[in-house]
Structures are given as C-alpha cells and as structure tokens.
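Colleague: I should be grateful for a close look at the enclosed empty space inside this protein and at the packing of the side chains in its interior. Please treat the matter as one connected account.

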Amino acid sequence: MPLENVTSSAQTSPLLALSTSESDRTRVEAAMHQAVITPDAYLTEIASHLIVAGGKRLRPVLSIVAAQIAGESASDDVVRGGVSCELVHLGSLYHDDVMDEADTRRGVETVNAKWGNLQAILAGDFLLSRASEIAASLGTEVAGLLARTIGWLCEGQIEELRFTYDVARTEESYYTSIHGKTASLYGTAARIGGIVAGHDQHTIDALTEYGNAYGMVFQIVDDILDATATDEELGKPAGHDMVEGVYTLPVLRTMALGTSDADRLASLLGAPLDARQQQRALAIVRANDGVGSAIDTARDYVGRATAACAGFPDTEATAALVAAPAALLAGVT
Ligand code: GRG
C-alpha cells in the first residue's frame, strides 16, 4: 500500500513530520490515486506506477500547511490544489527519467525502463492533463498559475541542458535553472494553498515568496549532498551531477576559487568522466571551500523563507513553515 511509503517518508521529511496529520496524508493519497484512474487499465497502471512507489508528497503538504496558517483545517479543494502540483511534479519525473535514461526511481524501475520511452512520455503528458483539469476546477487563477508553472519547469530544465558540460556556466544560469525546475513548483504549491483557502493578497504573496525560497534551499541542499554524501546515503553514485555534466553551485564555487585545485577541477570537467576522474573531481570539491560557500547561500534562502513568515498568525502551521527550511539545511551542516 503506497500510504506506508508516504508515512515512513514523513518521519524523515521536516515539512511532513512537523505539519500534516495522518488524516491529511490519507486525503492526499486518495486524491492522487483518484486523479489517475481512467477507463483504460493499461494507462491507469502506467500513470499510477510512481504514485504507488512512494514519494514524500511535499507539494500537497505545502499547500495544506499554507492553507492552515490561520488555524483552519484544509478543505478538500486545498488538497486537490496540492495534488495538481504533485501531478505536475510526477509528470516532470516521468519525462526527466526518459531524458536521463534512468533505470530506477523511488526504489523501483522507472516507467521508461519498464514500459519504454514512448509510454513514459505519453503517461507523463497524461499526468499533466489531469493536473490541469483539477486546477481548472479550482478557477481561472489557479489554472493560469499551474499552466505558467509547467512552463517554468521546462524553462529551468532547458537552461540546465543548454549549459551541460560547460565549465563556464555562470551562477546566474544555475539560479535561473533551479528556480524554474524546482523552486517555482514549491512557490506555486504554497500560493495555491493560500488562494484556495481564501487568504488575503499580502499573505498569498508572502506564501509564494516562502515556497520559492524553500525550493531554492531544497535544490541547493540536494546539489550539495550529491557532492558530499556517500553512495549508500544517496542510493546512487556520488558526483552523479558532474558525471552528467550538470555543474551545480558547490562545483561552480570550487572552480571559482582561483587556486590550483580549482584549475585541476575545471580541466577534469567539460566532458563525461570515467570512474577515476569522478573520484578525483569529488575529492577536490570535498576538500575545498565551494561546499561551505554553497551552504552559506542556502542559509541566505533559509533567512528569506523565514522572513516571509513574519506576518503570519502564531499557529502550529506557521511554526512548521518556519522550521522546515532550517531542517533541510541541517542535513548538510
Ligand atoms: C513535463 C512539467 C514537465 C517538465 C519538463 C523534465 C522537466 C521539464 C523538468 C524536471 C526537472 C526536475 C527533475 C527537477 C527536480 C525536481 C525535484 C526537486 C525532484 C525531487 O523531488 P522530491 O524530493 O521527490 O520531492 P519525491 O520522490 O519525494 O517526490
């Protein structure tokens, strides 16, 4: 049963652990499964594959907590709004796994590995269509926002592709990419929670600011972990991003140090790495200040997320929002 996966993830996820009740998680699961049922059992199975496999469901949780900051419980429409974001996330993972030719995701075979690329692309499109249908049922503002956010994900991903294997990639390119591919959907999940719950405009804007900043912390921490965690902790070989030619903040900061190590790293990168080169590149990043400097930047975004909550009512939900980005950062400090 998928709920077991979600519940066990909840214990390791700050946002989930601090905020949503078991009954809210159950509502999210039910709405996720409901959303992908079609008269075609084959399509339903493919579209359900990664839902059944688990996942932290952070985006619907964020919508729910955003809705709850005034102390009210979240309506079914709030849950559906959060689920529309999660379906966009899921659709993007289906497509991302095709692009990366990935074999596993959430501990199971990817859709492309199990059924093939064509099925994965179409099922990903189908998930986006169901997300759009749900968003449309919540009004034109939510529908327009979700449509724009799908565009932001594509823009972020194409920015990353454009500078793959480019050692001259700028930090501006990195920020543009992670804002689009990761942070924008968190911003939208929080905003939809605020809109559907009927919060005032100032609060809706602050929730959006919060979600975007939380998403930036999330992705920078993820990128730091790719360089610093062990293969076992990651469930994949460390340094995977460098191997794939995706040069993230800790790597860009290391290359910018102006030292001989920085030059050595730049000369190693720029093309696919073999296993020995991967280990040498990792050793350089781990031994230098690029990681610490990336942590400082993540900390700035924690500050921005916290500041966005300043005017929120003093409730459990607000406390959960304030605690969540710092808890992410604690994973690398
Ligand atoms: C089709 C919408 C669409 C987009 C196409 C492929 C693509 C462009 C965008 C995907 C970009 C991408 C993979 C961004 C990273 C997303 C991310 C933060 C993944 C990890 O999220 P978690 O940790 O994963 O919430 P779980 O498995 O817990 O849901």
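**Cavities and the surrounding interior**

Modeller: In the lining of the largest cavity, α11 (201–228), α13 (240–244) and α14 (249–255) each supply at least two residues. The model is a predicted one. The largest share of that lining, three residues, is drawn from α11. The full list of lining residues is Asp223, Asp226, Ala227, Gly239, Asp241, Met242, Val246, Tyr247, Thr248, Pro250, Val251 and Leu282. Sorted by class, they comprise seven nonpolar, two polar and three charged residues. The space held in this largest cavity is about 50 Å³.

How many cavities of 30 Å³ or more are there? The count is two. The volume of the second largest is about 30 Å³. Its lining consists of Glu160, Arg169, Tyr174, Ser177, Ile178, Lys181, Gln219, Asp223, Val246 and Thr248. Here α10 (171–197) and α11 each contribute at least two residues, and α10 gives the most, with four. By class, this second lining has three nonpolar, three polar and four charged residues. Asp223, Val246 and Thr248 appear in the lining of the largest cavity and also in that of the second largest cavity.

The side chains of the interior may be considered next. The largest nonpolar core has 100 residues, and those with the most contacts inside it are Leu87, Tyr210, Met242, Leu265, Leu269 and Leu321. The largest share of this core, 13 residues, comes from α11. Met242, named above among the core residues with the most contacts, is also a lining residue of the largest cavity. Leu269 offers a detailed view of the packing: leaving aside residues up to four places away in sequence, Leu269 touches Val167, Met242, Tyr247, Val251, Met255 and Ala281. Of these partners, Met242, Tyr247 and Val251 are among the residues that line the largest cavity.

Aromatic side chains form a further part of the picture. There are five aromatic pairs in the structure. In one of them, the ring centres of Tyr186 and Tyr214 are 5.3 Å apart and the planes stand at 75°, so the pair is edge-to-face. Because Tyr186 belongs to helix α10 and Tyr214 to helix α11, the pair ties together parts that are 28 residues apart in sequence. Tyr186 counts as buried, at 0% relative accessibility, and Tyr214 is likewise buried, with a relative accessible area of 1%. Tyr186 also pairs with Phe218: the ring centres are 5.3 Å apart and the planes lie at 50°, so this pair is tilted. This second pair links distant parts of the chain, with Tyr186 in helix α10 and Phe218 in helix α11, 32 residues apart. At 18% relative accessibility, Phe218 counts as buried because the limit for that class is under 20%. Tyr186, Tyr210, Tyr214 and Phe218 form one aromatic cluster, and Tyr210 is one of the core residues with the most contacts.

Two backbone positions complete the account. Most residues other than glycine have a negative phi. Arg57, however, has a positive phi, near 60°. Arg57 is placed in the loop between α4 (41–53) and α5 (58–67) and counts as buried, at 2% relative accessibility. Glu101, also not a glycine, has a positive phi of about 50°. Glu101 is found in the loop between α6 (76–100) and β1 (104–105), and at 65% relative accessibility Glu101 counts as exposed.

Key
Residues numbered from 1 in each chain as written. Predicted model: local features only at pLDDT ≥ 70, side-chain atom pairs only at ≥ 80, totals over all residues. Heavy atoms only, no water. 1 Å grid on protein atoms, 1.4 Å probe; cavity = no way out; pocket = protein on both sides within 12 Å on 5 of 7 lines; lining within 4 Å. Points joined across faces, edges and corners; volume = space filled by probe spheres on them. Nonpolar A, V, L, I, M, F, W, Y, C, P; charged D, E, K, R; others polar. Core = buried A, V, L, I, M, F, W, Y, C linked by side-chain atoms within 4.5 Å. Buried < 20%, exposed > 50% of the residue type's maximum accessible area, 1.4 Å probe, protein only. Contact = heavy atoms within 4.5 Å. Phe/Tyr/Trp six-rings, centres within 6.5 Å; stacked < 30°, edge-to-face > 60°.
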